[in-house]
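Subject: A structure to look at, with notes

Dear colleague,

I am handing over a structure for you to look through, and my notes follow below it. Please keep the structure open beside the text as you read.

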Amino acid sequence: MAILTWNKKCSVGLKILDGQHAGLITDLNELYAAMLKGRAKSGVDSQLRNLLKNALAHFSTEEELMAATEYPALVQHQAKHRNFVRQVEGYLARREMGSNTMRLPLLNFIRDWLTNHIQEEDREYAPWLIEHDSQ
């Protein structure tokens, strides 16, 4: 069972970024599966750290492409990435201090953030990157 499914609405038209977006959706679904299977806290946290690691790599790729083409809204886009990272890191920090809360609110946050970010904010930069031949 998936909490989010890759489809053409998730495509920004840039192969490398579409592949990374699909990977993040896979990471989210693996996190969801770990929770549904009742894996130990350490296993769930490990899945979440993996998703965060891959998100950071993806954000770096996006931002490098934007910088290379002098995308005018790079700073605003970076701020959205940093906000996501802060929220996930904050959750992990609370978990490390003993909090057992999470599950659905965090999954919904990540799902909604990825969906909105890809389908709205990332689609805004795609024409610029394509026009400025960032591929």
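I would begin with the aromatic side chains, where ring pairs link F59, F84, F109 and W113 into a cluster. Please keep in mind throughout that this is a predicted model, and that every value in this email was computed from it.

A search of the whole structure finds six aromatic pairs. One of them joins F59 and F84, whose rings sit edge-to-face, with 5.9 Å from centre to centre and an angle of 85° between the planes. Because F59 lies in helix α2 while F84 lies in helix α3, this pair ties together parts of the chain that are 25 residues apart in sequence. Both partners are hidden from the surface: F59 is buried, with a relative accessible area of 4%, and F84 also counts as buried, at 1%.

Another pair is formed by Y71 and W128, again edge-to-face, with 6.1 Å between the centres and 65° between the planes. This pair links distant parts of the chain, since Y71 belongs to the loop between α2 and α3 and W128 to helix α4, 57 residues apart. Here the surroundings of the two residues can be told apart by their accessibility, for Y71 is buried at a relative accessible area of 11%, whereas W128 is partly exposed at 24%.

The charged side chains come next. How many salt bridges does a search of the whole structure find? The search finds two. In one of them, the side chains of K80 and E121 meet at 3.6 Å, taken from N to O. This salt bridge also links distant parts of the chain, with K80 in helix α3 (residues 74–96) and E121 in helix α4 (residues 103–131), 41 residues apart. K80 itself is partly exposed, with a relative accessible area of 34%.

The other salt bridge brings together the side chains of R111 and D112, at 3.0 Å from N to O. R111 is partly exposed, with a relative accessible area of 24%, and D112 is likewise partly exposed, with 36%.

One further residue deserves a look, namely H58, which has its place in helix α2 (residues 41–68). Is H58 buried or exposed? Its relative accessibility is 2%, and because buried means under 20%, H58 counts as buried. Leaving aside residues up to four places away in sequence, H58 touches L17, Q20, H21, L24 and D122.

Finally, some remarks on the chain as a whole. The protein chain has four helices and zero strands, so that, read from the N terminus on, its elements run α-α-α-α. A compact globule of 135 residues would have a radius of gyration near 14 Å, and the 15 Å of this protein chain agrees with that. Its C-alpha atoms fill a box of roughly 45 × 30 × 20 Å along the principal axes. Buried residues make up 41% of the 135 residues, and the accessible surface comes to about 7300 Å², of which 53% belongs to carbon and sulfur atoms. Among the contacts with a separation of 6 or more, 76% are between residues 24 or more positions apart. The salt bridge of K80 and E121, at 41 residues apart, and the aromatic pair of Y71 and W128, at 57 residues apart, are places where you can look for such links yourself.

With best wishes

How values were computed:
Residues are numbered from 1 along each chain as its sequence is written. This is a predicted model: local features need pLDDT of at least 70, side-chain atom pairs count only at pLDDT 80 or more; totals for chains, interfaces and linings use all residues. Side-chain values use heavy atoms; hydrogens and water are left out. A salt bridge is a side-chain nitrogen of Lys or Arg within 4 Å of a carboxyl oxygen of Asp or Glu. Helices (H or I, at least four residues) and strands (E, at least two) are DSSP runs, numbered from the N terminus. Buried means under 20% relative accessible area, exposed over 50%, partly exposed in between (1.4 Å probe, protein chains only). Contact means heavy atoms within 4.5 Å. Rings of Phe, Tyr and Trp (its six-membered ring) pair if their centres lie within 6.5 Å; planes under 30 degrees apart count as stacked, over 60 as edge-to-face and the rest as tilted. The radius of gyration is taken over C-alpha atoms; the globule rule is 2.2 Å times the number of residues to the power 0.38. Accessible areas come from the Shrake-Rupley method with a 1.4 Å probe; for residues, only the protein chains shown count as cover.
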